[in-house]
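User: I'm new to this structure and would like to get to know one part of it properly. Pick a single spot, show me what surrounds it, and then follow the threads outward.

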Amino acid sequence: MIQGLILYTQFFTRIRIPVEIKDPGHKFRDNIQYFTLFGLILGCLEATLFLGYTYLFPQWFAWMLFWMTDGMITGGFHLDALADTADGVMSSRTPDKMFKIMKDSRLGTMGTLALIYFYAILFGVGAILAVRFDRFQLTMLVLISVMMAKTGISLLFYKMTYAGEAPGLATIWQGIKTWRIGISQVVSLVVIGVLLGYPGLISYLAVLIVAYGYRRYMLALLGGFSGDTLGGFAEISQVIFLLTYVIVTKLM
C-alpha cells in the first residue's frame with residue numbers, strides 16, 4: 001500500500017518523494033484499491049490549505065485560490081488531458097486523426113474552451129456555495145472534490161479497453177481486477193456519506209451515471225480509452241459532482 005501511495009504521489013503531483021519504486025507498472029495496477037485513498041490524502045492537504053485561505057480572504061475567493069493551488073500541486077496533469085481530449089474528440093475527424101491531435105502538445109480551440117468552461121463552472125459553483133455554507137462545510141466539499149477526480153477515473157478502469165496503435169500510458173490500467181475497483185469505490189462512498197450525507201451520495205450517483213455514458217461514448221467513437229480520455233474524465237467527474245451537489249442542496 002505504502003509503495004502504491006508513494007508512486008501515485010510521484011506520478012500525479014509535483015510533490016517530490018525521493019524513493020525509487022521498482023516495477024511501477026504492476027504497482028500501479030495492484031494498488032488501485034488505494035487509489036481513492038490517495039485522492040483522500042491529497043484532498044486533506046488541499047482542504048487544509050483552503051481552510052487557511054478562508055481566514056485570510058472571503059470564502060468565494062478562497063475557493064478560487066484552492067483550484068489554482070490544485071493546479072500547481074498536480075501540475076495540471078488532468079487539465080492537460082481534458083484539453084487534449086476536447087481537441088481530439090471535438091475535431092470531427094477519424095479516430096486515428098483524433099489520437100494524433102491528442103498527442104499534439106499544442107493547445108487547440110476546443111481544448112482552450114474546455115478549460116475556460118471548466119473553471120467558469122467551478123468558480124460559479126464556488127460563488128453559490130460560499131453563501132450557503134460555512135468554511136468548515138466548504139472544507140469538507142473541497143476534500144471530496146479532490147478525491148472525486150480519482151474516484152471518477154477508477155470507475156473507467158472496469159474492463160478497460162485500450163485504444164490506439166502503439167502502447168501508451170493507458171495500457172498501465174488494463175487488466176485491473178474488479179474487486180480492487182470495488183474497494184476504491186466503497187472507500188469513496190463511505191467518505192462521501194460521512195462528510196456530505198445524502199446530497200453527496202446522490203452526487204456520486206450522478207458521476208456514476210455519467211461515467212457509464214462516457215464509457216459507452218468513447219467505446220463507440222474511439223474503440224476504447226487513451227491516457228488523455230481517462231485523465232480528462234477526472235475533471236468531468238468533479239464538475240458533475242459539484243453541479244449535482246449544488247442542485248440537490250438547493251432542492252432539499
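Analyst: **The second largest pocket and its surroundings**

In this predicted model, the second largest pocket holds about 410 Å³ of space. It's lined by 19 residues, and the ones closest to its centre are Leu82, Ala86, Met90, Ala114 and Ile236. Four elements, H5, H7, H9 and H10, give two or more residues each to that lining. H7 hands over the largest share, 6 residues. As for the chemistry, the lining is made up of 17 nonpolar residues, 1 polar and 1 charged.

Let's start with helix H5. Its 13 residues, 77–89, reach 19 Å from the first C-alpha to the last, close to the 18 Å expected at 1.5 Å a residue. How much of H5 is buried? Of its 13 residues, 11 are, so the helix is largely enclosed by the rest of the structure. Leu82 and Ala86, which we just met at the pocket, are on the buried list, and so are others such as His78, Asp84, Asp87 and Val89. What does the covering? Helices H1 (2–12), H6 (95–103), H7 (109–130), H8 (135–156), H9 and H10 (227–251) are among the elements that lie over the buried residues of H5.

His78 takes us to another empty space. The structure holds 1 cavity of 30 Å³ or more, and the largest cavity has a volume of about 110 Å³. Its lining has 14 residues, with Asp70, Thr74, His78, Glu235 and Gln238 nearest its centre. H4 (59–74), H5, H7, H8 and H10 each supply at least two of the lining residues. The mix here is 7 nonpolar, 4 polar and 3 charged, to set beside the 17 nonpolar, 1 polar and 1 charged of the pocket.

H5 also has an aromatic thread worth following. The whole structure has 25 aromatic pairs. One joins phenylalanine 11 and phenylalanine 77: their ring centres are 5.2 Å apart and their planes sit at 65 degrees, which is over the cut-off of 60, so the pair is edge-to-face. This pair ties together distant parts of the chain, with phenylalanine 11 in H1 and phenylalanine 77 in H5, 66 residues apart. Are these two buried or partly exposed? Phenylalanine 11 has a relative accessible area of 27%, so it's partly exposed, and phenylalanine 77, at 29%, counts as partly exposed as well. Both belong to one aromatic cluster, made up of Tyr8, Phe11, Phe12, Phe28, Phe35, Phe38, Phe77 and Phe157.

Now back to the pocket for H9, another of the elements in its lining. Serine 203 sits in this helix, which covers residues 178–222, and with a relative accessible area of 0% it's buried. Leaving aside neighbours within four places in sequence, serine 203 is in contact with Phe241, Thr244 and Tyr245.

Glycine 200 is in H9 too, and at 0% relative accessibility it counts as buried. Not counting residues up to four places away in sequence, glycine 200 touches Ile192, Phe241 and Tyr245. Phe241 and Tyr245 therefore turn up twice, since serine 203, buried at 0%, is in contact with both of them as well. Glycine 200 is also 68 residues from arginine 132 in sequence, and the two C-alphas are 15 Å apart in space.

Elsewhere in H9 there's glutamine 185. It counts as buried at 7% relative accessibility. With residues up to four places away in sequence set aside, glutamine 185 touches Thr151, Ser154, Leu155 and Tyr204.

That leaves H10, where threonine 249 lies. At 18% relative accessibility, threonine 249 still counts as buried, because the cut-off is under 20%. Which residues does it meet once neighbours within four places are left out? Threonine 249 is in contact with Arg132, Phe133 and Pro199. Tyrosine 198 is 51 residues from threonine 249 in sequence, with 9.5 Å between their C-alphas in space.

To pull the threads together: H5 is a largely enclosed helix that helps line both the second largest pocket and the largest cavity. H10 likewise gives residues to the pocket lining and to the cavity lining.

Terms used
Residues are numbered from 1 along each chain as its sequence is written. This is a predicted model: local features need pLDDT of at least 70, side-chain atom pairs count only at pLDDT 80 or more; totals for chains, interfaces and linings use all residues. Side-chain values use heavy atoms; hydrogens and water are left out. Buried means under 20% relative accessible area, exposed over 50%, partly exposed in between (1.4 Å probe, protein chains only). Contact means heavy atoms within 4.5 Å. The expected span of a helix is 1.5 Å times one less than its number of residues. On a 1 Å grid over the protein atoms alone, a cavity is a set of points where a 1.4 Å probe fits but cannot get out, and a pocket is an open set with protein on both sides within 12 Å along at least five of seven lines; lining residues have an atom within 4 Å of a point. Grid points are joined across faces, edges and corners, and a volume is the space filled by probe spheres set on the points. Ala, Val, Leu, Ile, Met, Phe, Trp, Tyr, Cys and Pro count as nonpolar, Asp, Glu, Lys and Arg as charged, and the others, Gly among them, as polar. Rings of Phe, Tyr and Trp (its six-membered ring) pair if their centres lie within 6.5 Å; planes under 30 degrees apart count as stacked, over 60 as edge-to-face and the rest as tilted.
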